[in-house]
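I record here what I looked up in the structure shown below.

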Amino acid sequence: FVHRHRLQYVPVKGDHVIGIVTAKAGDVFKLDVGGSEQASLSYLAFEGTTKRNRPNVQVGDLVYGQFLVANKDMEPEMVCIDSSGRSSGMGIIGQDGFLFKVSLGLIRKLLAPKCEIIQELSQLYPFELVLGMNGRIWVKAKTVQQTLIIVNILEACEYMTAEQRKQALARLSGN
Amino acid sequence: MKATPLSNCERRFLLRAIEERKRLDGRQCYDYRNVRISFGADHGCCIVELGKTRVLAQVSCELVPPKPNRPTEGILFFNLELSPMAAPGFEPGRQSELLVRLNRLIERCLRNSKCIDTESLCVVAGEKVWQIRLDLHLLNHDGNIIDAASIAGIVALCHFRRPDVSVQGEEVTVYTPEERDPVPLSIHHMPICVSFAFFQQGTYLLVDPSEREECVMDGLLVIAMNKHREICTIQSSGGVMLVKDQVLRCSKITAVKVAEITELIQKALENDQKVRKECGKFGFAESIPNQKITAFKMESAAVDTNNVEEQAEEIITKADPPSEVCAKPILHTPGTAQIGEGIENSWGELEESEREEAEEEEAESEAAAFECQKMETEDTCMMGETKKDEPIVLSDSEEEEVVVLEPQVLPRKTRAQTNLKQENTSKKTFNKRRKKKRAA
């Protein structure tokens, strides 16, 4: 059973989410993932880091990782590395771009294979996109204006039908 | 609950966007968001929406003994509360700095400006005066609480009616609303706050900052003014060094904005009064639309209707004259008649009409907000074109279509017509916007 229109996220093991670093406590970073508790992320849980070679993470940075432990009794734990030790796309997200929040249902729709929205948007402008299951989306396009357009379209996609979206994109690309 | 922290990425992006003079929702730097005022069933209750920021105001009154040092003046009490439903960072019962600052601003704006005549609230000098209490609740925080709260406060005070009182010697009679109509408060002027957010060390300003913009601003300037261009309160916070002509420019902008908002308030109050007098339906149940989770309503952008008449004329003159109409009705069976033949099946144009309908429907893309103007004028052209075989009436009233249900059993001769009509009727029900007034 999946809550589609919900905005509040509940951590689930294996989910890939975007977290915001709120504190550095010794060997562990504390991340805000939009749940009721902050998640912890060890500094060794990145690809290629050792005790000598620490990752360059500051408070306020964005991190894309998955939950290793997530149940209602314990504080959730995240890692940026998969079971074979490779990062497979996870890790610290770059400095530019914009982060915004949408409902959980829209994220699931966007993550579906061959999602039309993403395909249509990619024909509009080239951009980078990170989708967190906690409702957070990070977008980066070449200019601020393009990024803002993509942000607004994705936020409105929640309520637009496919037809309306096609028109909106047609107007933008024709402009 | 703790508030979500602002990430470096967002901060950097917002500052960059501001450097390029862009706002997240596409507004210009002096643009206000849409202000919506709706009234409740009681007098003195209203909700003001400034974009997504919502404030609920409620005014109530009570007869109390006056303050000893002011025996002939009524008492005013203002209270603003930040409800936890407004933002995750707000907790009930905790006096945060923001709350104290907002409360002080509201007090200075409404009390010190002497917009309410307190002498008129006196019933018996030294013994009984009216205590007017204004409660403001923040329902949703999307930036610029102070503006929304000041508008809500003054609208509620203007809307409020206190019970009528008469004094005969020592006796004080308070009339119920059934006995005598309640009396409005005596309000001299309407002070309204306008906020300016400063960026780049005070060189760049934005009017009506949204929540994200408030997080990254350097400083805030609030000016409370009434429509007579009198400044009631001015407050600068955040430690930004402001130049003299910056402040003067802000006050000029405030005068313009306050004039617009005051006009809006007057209109809203008049509308509500009219509805109440005509015993129409009023109150929140009528004015606040049902917000369904599967529906999204965007405020439509202003449309340039300057040359709509010319365009309409053009379309009429270019249009073909209506095809020959046959006036005689054909009786198929008792109770079912047919007048005329119906226009040509335009199944292929379905997408165009679908597009029209979708554009007129509730959801409009935000990203195309700045192209809304172009789109809307295009729209009126398109609508005109598809109705070109009948006179175009650009009026609001549209009649629901009457769909004639045809009986299944019909002679072969009219079956072709039936099919045509059935296709047309199915298209009609699909495309409700089309009026089909057949010339008799």
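Over the face of which residue does A:Arg54 lie? I find A:Arg54 over the face of A:Tyr43, at 4.1 Å from the ring centre. A charge counts as over a ring if NZ of Lys or CZ of Arg is within 6 Å of the ring centre and within 35 degrees of the ring normal.

The model is predicted, and local features need pLDDT of at least 70, side-chain atom pairs pLDDT 80 or more, while totals for chains, interfaces and linings use all residues. Residues are numbered from 1 along each chain as written, chains are lettered from A and ligands numbered from 1 in written order, and side-chain values use heavy atoms, without hydrogens and water.

I next looked up aromatic pairs (Phe, Tyr or the six-membered ring of Trp, centres within 6.5 Å; planes under 30 degrees apart stacked, over 60 edge-to-face, the rest tilted). The count is three over all chains. The rings of A:Phe29 and A:Phe46 have centres 6.4 Å apart and planes at 75°, so this pair is edge-to-face. The pair links distant parts of the chain, with A:Phe29 in strand β2 and A:Phe46 in the loop between β3 and β4 of chain A, 17 residues apart. Both A:Phe29 and A:Phe46 are buried (under 20% relative accessible area, 1.4 Å probe, protein chains only).

I then turned to helix α1 of chain B, residues 8–19 (helices are DSSP runs of H or I, at least four residues; strands are E, at least two). Among the residues buried in α1(B) are B:Phe13, B:Leu14 and B:Ile18. The buried residues of α1(B) fall within an arc of 160° seen down its axis, so they line one face of the helix (the arc uses directions from the helix axis to the C-beta atoms).

Just after α1(B), I noted a positive phi of about 60° at B:Arg21. B:Arg21 also lies over the face of B:Tyr204, at 3.7 Å from the ring centre.

Definitions and conventions. Expected span 1.5 Å × (residues − 1). Buried < 20%, exposed > 50% of the residue type's maximum accessible area, 1.4 Å probe, protein only.
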